[in-house]
Protein chains: 4
Amino acid sequence: MLNGERKIERPLRWGMVGGGRTGNVGYKHRLGALRDNTAFQLLAGAFDIDPARGKDFGINLGVDPSRCYPDYKTMFQEEAKRKDGVEVVSIATPNATHYEICKAALNAGLHVICEKPLFFEVGQGEEIKALAEEKGKIVGVTYGFSGSQVLLQMRSMVKNGDLGQIHMIELQYTHGFGCDFKADQTNEGQKWRVNPKISGPSFVLGDLSTHTYYMSQLICPDMKIKQVLCDRQSFVKSRKPLEDNAYCLMRYENGAVGRMWASAVNAGCMNGHRIRIVGSKASIEFSDNQPNELLYEVQGKPIQKLIRAMPYLYDECNADERLGALHAEGLPESWANIYLKFAIAIDAKNRGDKETLKNLVYPDINAGIEGIRWVQNCVKSANAGGIWVDFK
Amino acid sequence: MLNGERKIERPLRWGMVGGGRTGNVGYKHRLGALRDNTAFQLLAGAFDIDPARGKDFGINLGVDPSRCYPDYKTMFQEEAKRKDGVEVVSIATPNATHYEICKAALNAGLHVICEKPLFFEVGQGEEIKALAEEKGKIVGVTYGFSGSQVLLQMRSMVKNGDLGQIHMIELQYTHGFGCDFKADQTNEGQKWRVNPKISGPSFVLGDLSTHTYYMSQLICPDMKIKQVLCDRQSFVKSRKPLEDNAYCLMRYENGAVGRMWASAVNAGCMNGHRIRIVGSKASIEFSDNQPNELLYEVQGKPIQKLIRAMPYLYDECNADERLGALHAEGLPESWANIYLKFAIAIDAKNRGDKETLKNLVYPDINAGIEGIRWVQNCVKSANAGGIWVDFK
Amino acid sequence: MLNGERKIERPLRWGMVGGGRTGNVGYKHRLGALRDNTAFQLLAGAFDIDPARGKDFGINLGVDPSRCYPDYKTMFQEEAKRKDGVEVVSIATPNATHYEICKAALNAGLHVICEKPLFFEVGQGEEIKALAEEKGKIVGVTYGFSGSQVLLQMRSMVKNGDLGQIHMIELQYTHGFGCDFKADQTNEGQKWRVNPKISGPSFVLGDLSTHTYYMSQLICPDMKIKQVLCDRQSFVKSRKPLEDNAYCLMRYENGAVGRMWASAVNAGCMNGHRIRIVGSKASIEFSDNQPNELLYEVQGKPIQKLIRAMPYLYDECNADERLGALHAEGLPESWANIYLKFAIAIDAKNRGDKETLKNLVYPDINAGIEGIRWVQNCVKSANAGGIWVDFK
Amino acid sequence: MLNGERKIERPLRWGMVGGGRTGNVGYKHRLGALRDNTAFQLLAGAFDIDPARGKDFGINLGVDPSRCYPDYKTMFQEEAKRKDGVEVVSIATPNATHYEICKAALNAGLHVICEKPLFFEVGQGEEIKALAEEKGKIVGVTYGFSGSQVLLQMRSMVKNGDLGQIHMIELQYTHGFGCDFKADQTNEGQKWRVNPKISGPSFVLGDLSTHTYYMSQLICPDMKIKQVLCDRQSFVKSRKPLEDNAYCLMRYENGAVGRMWASAVNAGCMNGHRIRIVGSKASIEFSDNQPNELLYEVQGKPIQKLIRAMPYLYDECNADERLGALHAEGLPESWANIYLKFAIAIDAKNRGDKETLKNLVYPDINAGIEGIRWVQNCVKSANAGGIWVDFK
């Protein structure tokens, strides 16, 4: 159980690119990173494309005014000159900028934590991976929902055979906020997501389904996709070629099958991020808006609901517990769990502790690359008319 | 609101083929047909492939011993000789026998109510339809879940534009009882369903998804499938070529899309028969294990749960209400609603009342044919490797 | 499992007093009694206080016009003259008439099935009980929700110690339809219920909580109330002295405690009929709007939901199963279960079969008397200012 | 919407008494106080009754070793000598010590944040209130669940008449962890709670129901209790005279009524902290294990579920929003909301800003005193045999 006591020798000196006042995502990073002040300290930032607004914002967060920078290049340059300069940076900017900022950060000698989807092409991912290895740095990817310890319970249940052989992986990340097509023009967060120049080759596949795909891989690490088929639509026509709805079918190498539904036009849906793993004996089902429980359905037995923090859960799950039973955790705890693991990974990397790195389960550069691969293959299938493509 | 008062001049003289003691389905027919004794009276039956057992069973239901027949041929023959012979017969036998019994019944001058899937080939359906027209008889199909008045509420909501334009149709009928592969050898009901000679070209597509497909057509009568893609699996290998799991994708003529999941190996699932209709403004979702409520999600508004029998529902829904608010209805009421409409249709047909027939919404021969078409197209797609096929 | 086959030699000849077209309750009686045509046959009735309307109604139900009577006295008199006259009568009239009709029916040599609350005073109950014994007749009481087999599962779980020692009994039967105070003037069903001359000394205590109290006794037959305290209110002032809301506390002889909440002004509540039994090890909870499931919460274990019809339930529960797993049952099945037991009791009484009568669990005259006792004690406590009174 | 930007000029210098490694509660304080590093900074502590363990713990939280004190007296003394000494202290120790530590803190010139139940006697509360006023300090009480913004939505709905006139207040805070009576000997957190010398005159009334009572007052600030009746039990006999279960009935001055159920022996219950407010037109219901939604039931309308963060909520609710729609918040956000308001109150008090203090809604010393009053009156009623007592 976690209680805020330090897991690494000292907090890491941390900076942010993006994540400013006009969006929602930066606060999630800070809630995660600064949870206990024993993993990260926020010391610098280029928070906003508008330098003045960004500086004002940083000051309001308690960052030293002299370390609130107008842009990431200046920040990397200036911080590198300081003895107490930041050693890790989080990138919370629109998709199209990830690659160049990531590269610059690594070249500036920084560890990197980056938003998803990491980049647009697997090749970019491989390049950055090689660069990070060369520089001896960590690249983490903020699949922010994936830190829920209930997912680790699911992983342990799959691993221990509680479900029997896995037959199906049902994935869904849908909401209905994209029904408001006027927001394509007015809402800052929605505007760039439907612009292929910034968002990349996909809208909901990249924005939503990369989360869920990673979570499925976290739960079932041995399941590899053999073929995928994707049919995508732009119900709001002006979004073409970007999809606001996508249906995918998966065939796994071991004979299992799966489905993914990603959508921004599932009207009215408030509970649309769900994972169901079906085995030969039992199924488990998780919804991230009920992150304190897990449905466990054994064929022929009463339906079970497992409750977060209870002693009957696997140790791997309860290791990340903070509040104890009866007390609801939410998305910030998920982010905190991921950021704590980023800190542990960075600390281990700094110390050359390969054993820790080997055993640590967190969304690393490979997870980022797999997310790119997922989107690329889906887009390829969809663009070919919704046909089966080999997953590669 | 229904209260058992007669809707037709006198109850119809009714017989059954199949539906005996060894299965579950016959009782559902009787619960539906005999709900109020004002629509049907059970007067004869060839209830069982074992004549003695069938006779004993019929007597125990109160049928005159002399009208408990060893087989359907004898029954049709003998009843035809009586002045008070049955005028309508229900067929609740395994799939492979439907066609011949149906044909024989029509030729014997009987109205027919038949289990789903009606037959194996669309051509058979067309032939029987022509025969029924020639004979001036009704053929009804017992999509037994489709009688819930909540589905009529959904139909009215779609018709009245409460959802905006329909974008997606999400269909699922899954359970996990097929996980028990030993039951393929021992359970009477399961045994024939996995035998292609009796079950036909499919297992779960025919057994499960025909229900759900019909319900979707009931709700959205104007939505026509343009193309379908089906990927099917036999997780229990001995079931090949019959599938115990099937994933389907649909493309509708108006640009909408949809999915169907049919499965007998969704381990532990007790709530797996669900329909969600997604529109441009709102979605509705129904699960047949909660037949007394309807989820209504308008984008940007609080989630609404509509409750059966409440005055705010459409008249088309409350017309089939029996119990009033607070009082749970279940599957028998669904069957009763269907059977009552069969009775009304038969009565209207007998009287030549075309107006009534035109306006009556119930699963008729066309609904049966569409179910066959659905299965045929899915099987065709699946057998071709899970490709898109034109729906015809 | 029930499938409609006869449980007694021949169906009983049955008549009704009340239960006509203007109310909802009569149809529930008929749905229960006539479920399978192997327990009861509806042959006569004095269905309505308006004789013409009652006759028209009876004819529409298929009753012989000559046996649709203007009032219960005529019916008892005329039917007694027939060789094939009714042998059992159901009374579905407003409360104040139960006693005299019941008495007349027994004196006419009829078995009786009567609505709740049976009468207004325990003394009346004792008198009718003595009369029934003298006449060799059964008096059953239609606690219509109590026939759900899930309650028998609860009874078996309590009996078998699955919950440990019983500590608490939490009872609630509340709805919000009484918020509409204008309906006191206009709605036939509501009008008489708030009139003490017809409804008796209570509104919701008699109308609602007698059901729930009986169900609690069915589940925990060994729990006897030692003291009760009731605080009641008339939120709609014109209803005084009748309460539209009542809170009760119970102290049981074995040290357990309990609560009852009865209300017609629990605004908006659609799921307000609930029973929770708390033991030293586990709790069970039932809601009659989800009659197909039972919550089973063992301290320190995952929450379990038991599903109707599954083989893991006790035999006592599954004995009353009709549809099989996955198929929702509702209130009509509950009524059917009770009516079937009335038929079995009457048949056993007619045959002098004491063994059957001893083992049959159903709401008999004693259950009716206990309901009266419950209301009397609650009213006594409330009228004394909400103090503890000895339950007697 | 909150995003971590400062609400006061600079973070307050903060220390803790108690809240060390052996319990769960301290982490909740730190999660709340340190959420954004813009309201509080943890600079000193006497975290543990075992000084060495406490020091080690403090160091692990990043506190300067020289400011990890062996006991609160030393801490108050030494910190007072520093120019940068703490200015506010949180007390997270067992009940019996609250009064003396609180007094000492105020006398040392510190603002105070204290665990509930504040003290054992209303007189103590009044004394501390006077002392705080004299010293110009704030005393806040950590009713930790009360920070959920959904409660503010409820408060606004009540205030704006959305429910009509309030008729009933249904309160419940129950769990089943006290079923494990062996933990009375072994579990540190449970051991002292069942010891009247440390826990005070009650177990569950003080430990659980004070939370819920405060939340009800937050929602319905104008509702004053006129009379209360409490019946309490010790199902685990060794806990006598402390109750592990209590039933309370309330009569409010405006004619409304209410109930409270507090229990540590509601076996298996994982969802037992619930509030339902019933009005003449509608009801609202909240459960703290689903803190992201609110049930809104208008009589005669579809059931509504309001979802946290949606624009249709009242501004008073969304003002405390952090994550935005679709993203689950949990108990830490509730604590953070309370602690942020403590900081704002302290800052306003320091600045003499009476306007801010007047409008700020948070659990202050009066809320603490009302909690004591609640327990005192309940215990008085229970000890007199469960009778009505005037609430004073």
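Start by selecting strand β13 (residues 303-307) in chain A and its counterpart β13 in chain C: the two pair in the antiparallel sense, over three bridges. Keep in mind as you go that this is a predicted model. For a single pair to zoom in on, pick A:Lys305, which stands opposite C:Ile303 in β13(C).

Now widen the selection to the whole A–C contact. You should find nine residues from chain A and nine residues from chain C. On the chain A side, β13(A) gives the largest share, with five residues. Colour that side by class and you will see six nonpolar residues, one polar residue and two charged residues.

**Over to chains A and D**

Next, show chain A together with chain D. Here the contact draws 34 residues from chain A and 34 residues from chain D. Which helices of chain A should you highlight on the side that touches chain D? Try α1 (25-33), α2 (51-60) and α12 (331-351), each of which supplies at least two residues. Coloured by class, this side of chain A has twelve nonpolar, 13 polar and nine charged residues.

Before leaving this pair, look at how the copies are arranged. In general, two copies of a chain are related by a rotation about an axis and a shift along it. For this pair, a rotation of 180° with 0.0 Å of shift along its axis superposes chain A on chain D, with an RMSD of 0.0 Å. That is the relation of a two-fold axis. To find the axis in your viewer, centre on A:Gly330: its C-alpha is the nearest to the axis in chain A, 2.3 Å from it. Of the interface residues of chain A, 100% are also interface residues in chain D, so the copies meet through the same surface.

**Inside chain D**

Hide everything but chain D and turn on the strands. Five of them form an open sheet with parallel pairing, in the order β2-β1-β3-β4-β5. Which strands sit at the edges of this sheet? They are β2 (40-46) and β5 (139-141), each pairing on one side only. Follow the sheet across and the twist averages 25° from one strand to the next.

Then zoom in on β1 (residues 12-18) and β3 (residues 88-92) of chain D, which run parallel and are joined by five bridges. Label D:Trp14 here, and then its bridge partner in β3(D), D:Val88.

For the last stop, add helix α3 (residues 72-81) of chain D. This helix lies across β1 and β2 of chain D and runs at about 125° to β2(D).

Technical notes
Residues are numbered from 1 along each chain as its sequence is written. Chains are lettered from A and ligands numbered from 1 in the order in which they are written. This is a predicted model: local features need pLDDT of at least 70, side-chain atom pairs count only at pLDDT 80 or more; totals for chains, interfaces and linings use all residues. Two residues are in contact if their C-beta atoms, placed from the backbone, lie within 7 Å. Helices (H or I, at least four residues) and strands (E, at least two) are DSSP runs, numbered from the N terminus. Ala, Val, Leu, Ile, Met, Phe, Trp, Tyr, Cys and Pro count as nonpolar, Asp, Glu, Lys and Arg as charged, and the others, Gly among them, as polar. Two strands pair if DSSP finds at least two bridges between them. Axes are lines fitted to C-alpha atoms, for helices over the stretch in contact, and angles run from 0 to 180 degrees between N-to-C directions. Copies are superposed by least squares on the C-alpha atoms of residues with pLDDT of at least 70 in both.
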